[in-house]
Amino acid sequence: MALDRVAAIVVAAGSGTRLRASAPKALVRVGGKPLLLWAVEALTVGGVTELVVAAAAERIADFTQVLASQPVPARVVAGGASRGDSVRNALAALNATAAPPDVVLVHDAARPLVPPEVVARVIAAVQDGDVAVVPVIPVTDTVRQLAASGSTVVDRSILRAVQTPQGFRRDVLTAAYAAPAFANSTAVTDDATLVERLGYAVRLVEGSPSAMKVTTPHDLVMVSAMLEV
Ligand code: C5P
C-alpha cells in the first residue's frame, strides 16, 4: 500500500486558561505569527498535504481567516469538551470526504516548534508499515512516584516523554475512536493509547525538545527565545 496521502488533525480547541492570554492559545502570536501557523508550517514542510483544525465553535471564523494564508487545503471544525472529542470530530470530517487520506497525523497546536524532520520521521514510519507511531524524548529530570506511604525514585532511563504529532493509518485511528473503550477514557491524554487498547503495537521514534508543549506563560517565553537563536 502506498499510503501517500497524509492529512493532519490539529487540535486547538482547548481553553488555554493556564496561559492567561486573552486570545485562544493557538492564536497567540510569537515571532510574528500565531502558534497555529508555526505548527501548520512544520506539518506541511514535513509532508502533510491536507489539514483539519479543531477549534472552539465560537472561534471557527477567526481560525479560518488565519489559515487562509497557508498553502494546503485546510478546514476548521468545532472541537469538543475533551481533547479526544476534538480529535473525534476532526476525524469524522476527514472520513466524510469523498477520498479520505491514508495516513492521519494528530498534532497539538500547543506544540508550535516541532521540527519538520520529526513530522517526516513519523510519516515515514507509518508508510513503512507501523500503524501507530509516537515521537518521544528521554526524561532528563529525576522522577519520583508518589504513594500513600511516601515516594520512590523511578529509573528514568526506562522512561520516555510522549509528544505529537502522532501518526496512524486512518482506518486504525478511526476504529480506535469508534471503540467502546473511548467512552470512559478520561485518563487517555493521547491517541496512541486508544490504538494500543485495540491491540496494535505502538512504534516509538525520536522526537525533539523543540516540540515542547506551550501550557504556561513561561513556556511562551521559552518558545519566543527558541525562535531568536
Ligand atoms: O490540555 P492539553 O494541554 O492536554 O491540550 C493539548 C491540545 O489539545 C491543545 O492543543 C488543546 O488546544 C487541544 N484540546 C482540544 N480540545 C479540548 C481540549 C484540548 O482541541 N477540549
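These legends accompany close-up views of a predicted model, taking the ligand and then one residue of the protein in turn.

**View 1. The ligand in its pocket.** In this predicted model, the ligand sits in the largest pocket, where 14 residues surround it. The closest of these residues are Val 11, Ala 13, Gly 14, Gly 80 and Ser 86. Strand β1, which covers residues 6-12, and helix α3, which covers residues 83-95, each supply at least two residues of the shell around the ligand.

**View 2. Polar atoms beside the ligand.** A backbone N or O atom of Gly 14 lies 2.9 Å from an oxygen atom of the ligand, while a backbone N or O atom of Ala 81 is found 3.2 Å from a nitrogen atom of the ligand. In the case of Lys 213, an N or O atom of the side chain is 2.9 Å from an oxygen atom of the ligand. On its own the ligand has 450 Å² of accessible area, and the protein covers 82% of this.

**View 3. Asp 191 and its surroundings.** Asp 191 belongs to helix α6, which spans residues 191-197. Because its relative accessible area is 0%, and buried means under 20%, Asp 191 counts as buried. When residues up to four places away in sequence are not counted, Asp 191 touches Arg 83, Val 87, Val 106, Gln 166, Phe 168, Leu 173 and Tyr 177.

**View 4. The pair Asp 191 and Tyr 177.** The side chains of Asp 191 and Tyr 177 are joined by a polar contact of 2.5 Å, and Tyr 177 is also one of the residues that Asp 191 touches.

Note on methods:
Residues numbered from 1 in each chain as written. Predicted model: local features only at pLDDT ≥ 70, side-chain atom pairs only at ≥ 80, totals over all residues. Heavy atoms only, no water. Helix = DSSP H or I, 4+ residues; strand = E, 2+ residues; numbered from the N terminus. Buried < 20%, exposed > 50% of the residue type's maximum accessible area, 1.4 Å probe, protein only. Polar contact = N/O pair within 3.5 Å; in protein donor to acceptor, adjacent residues only side chain to side chain. Contact = heavy atoms within 4.5 Å. Near = heavy atom within 4 Å. Areas by Shrake-Rupley, 256 points an atom, 1.4 Å probe, with all protein chains shown as cover. 1 Å grid on protein atoms, 1.4 Å probe; cavity = no way out; pocket = protein on both sides within 12 Å on 5 of 7 lines; lining within 4 Å. Sits in = over half its atoms within 2 Å of the grid points.
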